[in-house]
Amino acid sequence: MLNQFSRTELLLGKEALKKLESSKVAVFGIGGVGSYTAEALVRSGIGAIDLIDDDRVCLTNINRQLFATRKTVGQYKVDVAQARLYEINPDVKITVHKTFYMPETADMFDFTDYDYIADAIDTVTGKISLVMRADAAKTPIISSMGAGNKLDPTAFEVTDIYKTSVCPLARVMRNELRRRGIKKLKVVYSKEKPIVPFEDMSISCKTNCICPPGTERKCTARRQVPGSSAFVPPVAGLIMAGEIIKDLIK
């Protein structure tokens, strides 16, 4: 019967679509990378998805985040994402967690309940915790490395963390995971050397903070506010979704 996944079925086949429909994926971080990962997964027929992020849509998110528009500024990203994803597939099972994932909040999640985990968060401590929990649960995970301060969407590669180069975040992750005995980790990373952003305080969040009331983690607390584009983080997110789909239907 003709449906919203018919074109996908022409490529993957009926049995693969059934596998996706019975799969549950968790997307940690619904920003520039994770928002595109989440939507691509739902458009591909994933049957259940958890969205984890405690942040609200900010005006400065609009240049790169799928769920960020003038209309959604100030709303929780997971709420906006959930509403849009239900418009794509009303039958998908969506669970939202307004949570900033860190080791302190890890016990809120049963990692054995997921068929796959997408790591699209941007804190090293959180990423390491996610990888460790996924490894203990024997749940597949793919992690996005740095996508900020870059302009070349063709420089992304999918590889093991220990085969990465150039990316500063990947270097830190390599060292930290090696110390913890993690043997492998599939990652999406860019070989593009990060660009040093302009220091223009007239447009910097550090001096012109517009975060909605109640925002706990503001850009004013960052050492540097990274530059971003409409075409680099989304590519990383779509690559992540593609890898998850391919792995789930093997």
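**Exercise 1. Surroundings of N61**

Leaving aside its neighbours within four places in sequence, with which residues is N61 in contact?

*Solution.* The model is predicted: local features need pLDDT of at least 70, side-chain atom pairs count only at pLDDT 80 or more, and totals for chains, interfaces and linings use all residues. Residues are numbered from 1 along each chain as its sequence is written, and side-chain values use heavy atoms, with hydrogens and water left out.

Step 1. Contact means heavy atoms within 4.5 Å. With neighbours within four places in sequence left aside, N61 is in contact with R56, A68 and K77.

Step 2. N61 is found in the loop between β2 and α4. Helices (H or I, at least four residues) and strands (E, at least two) are DSSP runs, numbered from the N terminus.

Step 3. The relative accessible area of N61 is 5%, so N61 is buried. The scale is as follows: buried is under 20% relative accessible area, exposed is over 50%, and partly exposed is in between (1.4 Å probe, protein chains only).

**Exercise 2. Partners of strand β1**

Determine which strands pair with β1, and which unit β1 forms with a helix and a strand.

*Solution.* Step 1. Strand β1 covers residues 24-28, and 4 of its 5 residues are buried.

Step 2. Two strands pair if DSSP finds at least two bridges between them. β1 and strand β2 (residues 48-52) run parallel and are joined by 5 bridges; here V25 stands opposite I49.

Step 3. β1 and strand β4 (residues 116-119) also run parallel, joined by 4 bridges. The partner of F28 in β4 is D119.

Step 4. A right-handed β-α-β unit is made by β1, helix α3 (residues 34-43) and β2. A crossover is right-handed if, with the strands pointing away from the viewer, the path from the first strand over the helix to the second runs clockwise.

**Exercise 3. Strand β5 and its partners**

Describe how the side chains of β5 point and which strands β5 pairs with.

*Solution.* Step 1. In a regular strand the side chains alternate between the two faces of the sheet. In β5 (residues 141-144), I141 and S143 point one way, whereas I142 and S144 point the other way, and all are buried.

Step 2. β4 and β5 pair in the parallel sense over 3 bridges, with I117 opposite I141. Together with helix α5 (residues 124-137), these two strands make a right-handed β-α-β unit.

Step 3. β5 pairs with strand β7 (residues 186-190) in the parallel sense, again over 3 bridges. S144 has V188 of β7 as its bridge partner.

**Exercise 4. The nonpolar cores**

Which residues of the largest nonpolar core touch the most other members?

*Solution.* Step 1. A nonpolar core is a set of buried Ala, Val, Leu, Ile, Met, Phe, Trp, Tyr and Cys residues joined through side-chain atoms within 4.5 Å.

Step 2. The largest nonpolar core has 35 residues, and V25, V27, L41, I49, L51, L85 and I244 touch the most other members. At least two residues of this core come from each of β1, α3, β2, α4 (77-88), β4 and α7 (233-248). α7 gives the largest share, 6 residues.

Step 3. Apart from this core lies another, of 26 residues, including F28, A106, I128 and L177.

Step 4. L51 may serve as an example. With neighbours within four places in sequence left aside, its contacts include V27, I30, A38, V78 and L85.

**Exercise 5. Loop residues**

Classify C167, K138 and V166 by accessibility, and state where each lies.

*Solution.* Step 1. C167 lies in the loop between β6 (156-160) and α6 (168-179). C167 counts as buried because its relative accessibility is 1%. Not counting residues up to four places away in sequence, C167 touches M145, G146, K150, Y189 and S190.

Step 2. K138 lies in the loop between α5 and β5. With a relative accessible area of 74%, K138 is exposed. Its phi is near 60°, a positive value in a residue other than glycine.

Step 3. V166 is placed in the loop between β6 and α6. With a relative accessible area of 40%, V166 is partly exposed. The phi of V166 is near 70°, a positive value in a residue other than glycine.
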